[in-house]
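Dear colleague,

I am handing over the structure we spoke about, and below it you will find an account of what turned up when I went through it. Please read the account with the structure open beside you.

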Amino acid sequence: MIIDTEVYLGHWPFRKLKYNTAKKMVGLMEKKNIDKAIVSSLHSVFYRNSHTGNIELLEEIAKYKNKLIPFACINPAYPGWEEDLEYCYKKLKVKGIRIHPYYHNYIPNDSNCVKLFRKAADYGLPVSVTISLEDQRQRHWLVKLPYIYDKEAIHTHIIELLRKSPETNVILMHNGYLGGHSGYDYKILLPVADKRKGKVLFGLINFPLTKDTVKEIGIERIVFSTQMPFRYPEFSLMMTKHLEISAKEKEKIYWKNILKIIR
């Protein structure tokens with residue numbers, strides 16, 4: 001089985017996406033032998049009220065609950081986010097939270113984001129952190145993400161957040177080079193991850209894994225991800241397939257690790 005941990009549905013304001021509906025995404029997944037995917041709303045990234053996109057998402061995937069696993073996009077910088085989180089947990093029955101701090105113009109270690117992480121832990125929901133959704137060298141001129149090129153700032157933000165929310169299970173996307181900035185460096189974050197009760201998992205996006213890096217990070221901390229429909233799934237599929245590790249270890253990357261933190 002393969003579970004993709006980062007997939008999006010909806011329109012992107014700056015270019016057309018081919019597989020951006022539930023029906024089309026499930027069709028692509030079936031072609032690529034991806035069994036399930038964690039999905040969230042692209043509309044939530046740009047709507048003034050992100051929660052509207054969450055409601056749309058659940059309506060969109062209603063026919064594909066056996067394939068698509070909903071993660072709600074919550075913006076802790078928006079008034080009423082606590083009510084949105086409670087609604088997503090109790091009414092929409094989402095399986096996790098996804099945040100886009102730099103798109104929503106806040107830093108991950110601010111007080112409201114820390115509060116969001118702690119509440120997510122109370123609900124038993126993991127939180128997925130996305131730095132950016134496209135190569136910054138090809139971004140639209142209106143999209144200028146603060147701190148995106150500042151490697152020190154990005155690591156300072158996430159390290160403080162992880163320390164202040166030690167119970168929360170976290171999935172970090174964008175590890176290694178990501179066109180225009182370096183993303184998260186697992187070597188910097190592992191000492192912090194080792195001291196937390198909550199798990200810290202690393203997504204595969206733009207992450208050139210080798211047998212040695214798997215050993216450094218730990219097989220229990222790596223999860224499969226493609227970031228469809230922005231990226232082709234073949235990169236993550238081929239990289240995992242050709243890793244010089246055992247079939248049982250690949251199963252942990254493909255699905256076992258993520259299922260440990262999703263109810």
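In helix α9, the buried residues are Ser236, Leu237, Met239 and Thr240, and what covers them includes α10, which spans residues 247-259. Please keep in mind throughout that this is a predicted model.

Helix α9 also takes part in a salt bridge, since Glu234 pairs with Lys32 and the closest N and O atoms are 2.6 Å apart. Glu234 belongs to α9 (residues 234-241), whereas Lys32 sits in the loop between α1 (22-31) and β2 (36-41), so the pair ties together parts that are 202 residues apart in sequence. Both partners are partly exposed, Glu234 with a relative accessible area of 31% and Lys32 with 28%.

The loop between β8 (222-223) and α9 deserves a careful look, because the backbone has two notable features there, and Pro229 is placed in that loop. The peptide bond from Met228 to Pro229 is cis, with omega near 5°. In the same stretch, the loop between β8 and α9, lies Gln227, whose phi is near 60°, a positive value in a residue other than glycine. As background, most residues other than glycine have a negative phi, and most peptide bonds are trans. Gln227 is buried, with a relative accessible area of 0%.Lys93 likewise has a phi near 60°, a positive value in a residue other than glycine. Lys93 is placed in the loop between α4 and β4 (96-99) and, at 53% relative accessibility, counts as exposed, whereas Gln227 is buried.

Pro229 comes up again in the largest pocket, which holds about 230 Å³ of space. The lining of this pocket is made up of 14 residues, and those nearest its centre are Lys18, Tyr19, Pro229, Arg231 and Tyr232. By residue class, the lining divides into eight nonpolar, no polar and six charged.

Turning back to charged pairs, the structure holds ten salt bridges, among them one between Glu82 and Lys119, where the closest N and O atoms are 3.7 Å apart. Glu82 lies in helix α4 (residues 81-90) and Lys119 in helix α5 (residues 111-123), so this pair ties together parts that are 37 residues apart in sequence. Glu82 is partly exposed, with a relative accessible area of 30%, and Lys119 is also partly exposed, at 27%. The pair belongs to a network of salt bridges in which Glu82, Lys115 and Lys119 are linked.

Helix α4 has a further salt bridge within it, formed by Glu86 and Lys90, with the closest N and O atoms 2.9 Å apart. These two residues are four residues apart in α4, which means that about one helical turn separates them. Glu86 is partly exposed, with a relative accessible area of 33%, and Lys90 counts as partly exposed at 44%.

How many disulfides are there? The count comes to zero. The sulfur of Cys73 has its closest cysteine sulfur in Cys88, 9.2 Å away, and that is too far for a bond, because a disulfide requires the two sulfur atoms to lie within 2.5 Å. Cys88 is accordingly in no disulfide. Both cysteines are nonetheless buried, Cys73 at 1% relative accessibility and Cys88 with a relative accessible area of 0%.

Cys73 is also one of the residues that Ser44 touches, the others being Ser50, Gly53, Asn54 and His104, once residues up to four places away in sequence are left out of the count. Ser44 is found in helix α2 (residues 43-46) and is buried, with a relative accessible area of 0%.

The last residue I would point you to is Ile159, which is found in helix α6 (residues 151-164) and is buried, with a relative accessible area of 14%. Leaving aside neighbours within four places in sequence, Ile159 is in contact with Ile188, Leu189 and Val192. From Ile159 to Pro191 the separation is 32 residues in sequence and 9.7 Å in space, C-alpha to C-alpha.

With best regards

Key
Residues are numbered from 1 along each chain as its sequence is written. This is a predicted model: local features need pLDDT of at least 70, side-chain atom pairs count only at pLDDT 80 or more; totals for chains, interfaces and linings use all residues. Side-chain values use heavy atoms; hydrogens and water are left out. A salt bridge is a side-chain nitrogen of Lys or Arg within 4 Å of a carboxyl oxygen of Asp or Glu. Buried means under 20% relative accessible area, exposed over 50%, partly exposed in between (1.4 Å probe, protein chains only). On a 1 Å grid over the protein atoms alone, a cavity is a set of points where a 1.4 Å probe fits but cannot get out, and a pocket is an open set with protein on both sides within 12 Å along at least five of seven lines; lining residues have an atom within 4 Å of a point. Grid points are joined across faces, edges and corners, and a volume is the space filled by probe spheres set on the points. Ala, Val, Leu, Ile, Met, Phe, Trp, Tyr, Cys and Pro count as nonpolar, Asp, Glu, Lys and Arg as charged, and the others, Gly among them, as polar. Contact means heavy atoms within 4.5 Å.
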